[in-house]
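Please open the model in your viewer and keep the sequence panel beside it. The tour below goes from one selection to the next and says what is to be found at each stop.

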Amino acid sequence: MKNILVIGSTGQIGSELTMELRKRYGNEHVIAGYIPSAPPTDVLMESGPSEVVDITCTDMILDVVKKYHIDAIYNLAALLSVVAESKPQLAWHIGIDGLFNVLEIARHYNCSVFTPSSIGSFGLDTPHVKTPQDTIQRPRTMYGVTKVTTELVSDYYYNKYGVDTRAVRFPGIISNVTPPGGGTTDYAVDIYYSAVKGEEFVCPIKEGTLMDMMYMPDALHAAISLMEADPSRLVHRNAFNIASMSFAPETIYAEIKKHKPDFKMRYEVDPLKQSIADSWPDSLDDTCARNEWDWKPQYNLETMTKDMLEKLSARLK
Ligand code: AKB
């Protein structure tokens, strides 16, 4: 039986991933690591063990790995793209110094490690349409710089020390549970909250700006199924392109309007978010993930929108 530590378990992905892993491996086998400034919800706290784990502190990680005989670490500690631009040194400290702490412990205690990358690892020079798995990665944001470094360092630990590191490049993740904070793709979550609350949505991203997005259930499935994949089939490791839908603001707005005909949106473009979005791909080619570990998403814009509106309406009423 696997014992799993989730670092960053109270964040947007971590909070749902921890619950999904508990369903799969048993509550007692999945430890929710959190920092005191982002404490767990009651659901997370009561459904299984939790421990304070600051990724920048090696001893804290080590104590938990030893105490629970951890053999897999999901490392989700990171600052998202917009926040990372205002705190670049902190973004590096958490993303890269923290990653080294995790990988060194993984090397000595034989843990597998999942540290996600992102569409943010690409840059203006990357081919933007059907971005290939192996291509130019020259991001200009600190978020992107840490993500490319994460990919390289994770591959380094696999090649040099045999640490079982695996990752995907997440697109913008859309969820009806924990809201994101400080990302460029956050608008695609915020728009649903405005629609359900009956408020006008002010869109920070320009009409026509395409970005890859994914519904949370597919993102969770991607992380877990890659970690369970047969290693002999993996040609790539850090990190796989995965894709399920790509849209611009006017397209998601039109889809929501099918359910909420009175919903209104106007544009007030945020220059920082727009410049980051312009440097990211329009759509990713995820052929390698499909071939090497049978990746296949379940949701598209239509089915995600229906589910988001139903779930949020039930919760916010
Ligand atoms: C962000 O917008 O920063 C993230 C991402 C795509 O990595 N959601």
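Begin by selecting N110, which counts as exposed because its relative accessibility is 68%, where exposed means over 50% relative accessible area, buried under 20% and partly exposed in between, with a 1.4 Å probe and protein chains only. This residue lies in the loop between α5 (88–109) and β5 (112–114), helices (H or I, at least four residues) and strands (E, at least two) being DSSP runs numbered from the N terminus. Although N110 is not a glycine, its phi is positive, at about 60°.

Before moving on, note that this is a predicted model, in which local features need pLDDT of at least 70 and side-chain atom pairs count only at pLDDT 80 or more, while totals for chains, interfaces and linings use all residues. Residues are numbered from 1 along each chain as its sequence is written, and side-chain values use heavy atoms, with hydrogens and water left out.

Select H69 next, in the loop between α3 (58–67) and β4 (72–75). H69, which is not a glycine, also has a positive phi, near 50°, and it counts as exposed because its relative accessibility is 59%. Go then to the bond between N238 and A239, a cis peptide bond with omega about 10°; A239 is found in the loop between α8 (216–228) and β12 (240–241). As background to these stops, most residues other than glycine have a negative phi, and most peptide bonds are trans.

Now show the ligand together with its surroundings, namely L80, S81, S118, I119, Y143, P171, G172, G183, T184, T185 and W280, a residue being near a molecule if one of its heavy atoms lies within 4 Å of it. This shell divides into 5 nonpolar, 6 polar and no charged residues.

Which parts of the protein should be picked out around the oxygen atoms of the ligand? A polar side-chain atom of S81 lies 2.6 Å from a ligand oxygen atom, a polar side-chain atom of S118 lies 2.7 Å from a ligand oxygen atom, and a polar backbone atom of T184 is 2.7 Å from an oxygen atom of the ligand. Taken alone the ligand exposes 250 Å², of which the protein buries 95%, with accessible areas from the Shrake-Rupley method and a 1.4 Å probe.

Turn next to S15 in helix α1 (residues 12–25), which is buried, with a relative accessible area of 13%. Its side chain reaches the backbone oxygen of G11 at 2.9 Å and the backbone oxygen of Q12 at 3.5 Å.

Select E51 in strand β3 (residues 50–52), a residue that counts as buried at 19% relative accessibility. The side chains of E51 and Y68 are joined by a polar contact of 2.5 Å, a polar contact being a pair of N or O atoms within 3.5 Å; within protein, one must be able to donate a hydrogen and the other to accept it, and residues adjacent in sequence count only if both atoms are side-chain atoms.

For the last stop, select T305 in helix α12 (residues 301–316), which is buried, with a relative accessible area of 0%. If you add P88 to the selection, the C-alpha to C-alpha distance to T305 is 34 Å, and the two residues are 217 residues apart in sequence.

Key. Ala, Val, Leu, Ile, Met, Phe, Trp, Tyr, Cys and Pro count as nonpolar, Asp, Glu, Lys and Arg as charged, and the others, Gly among them, as polar.
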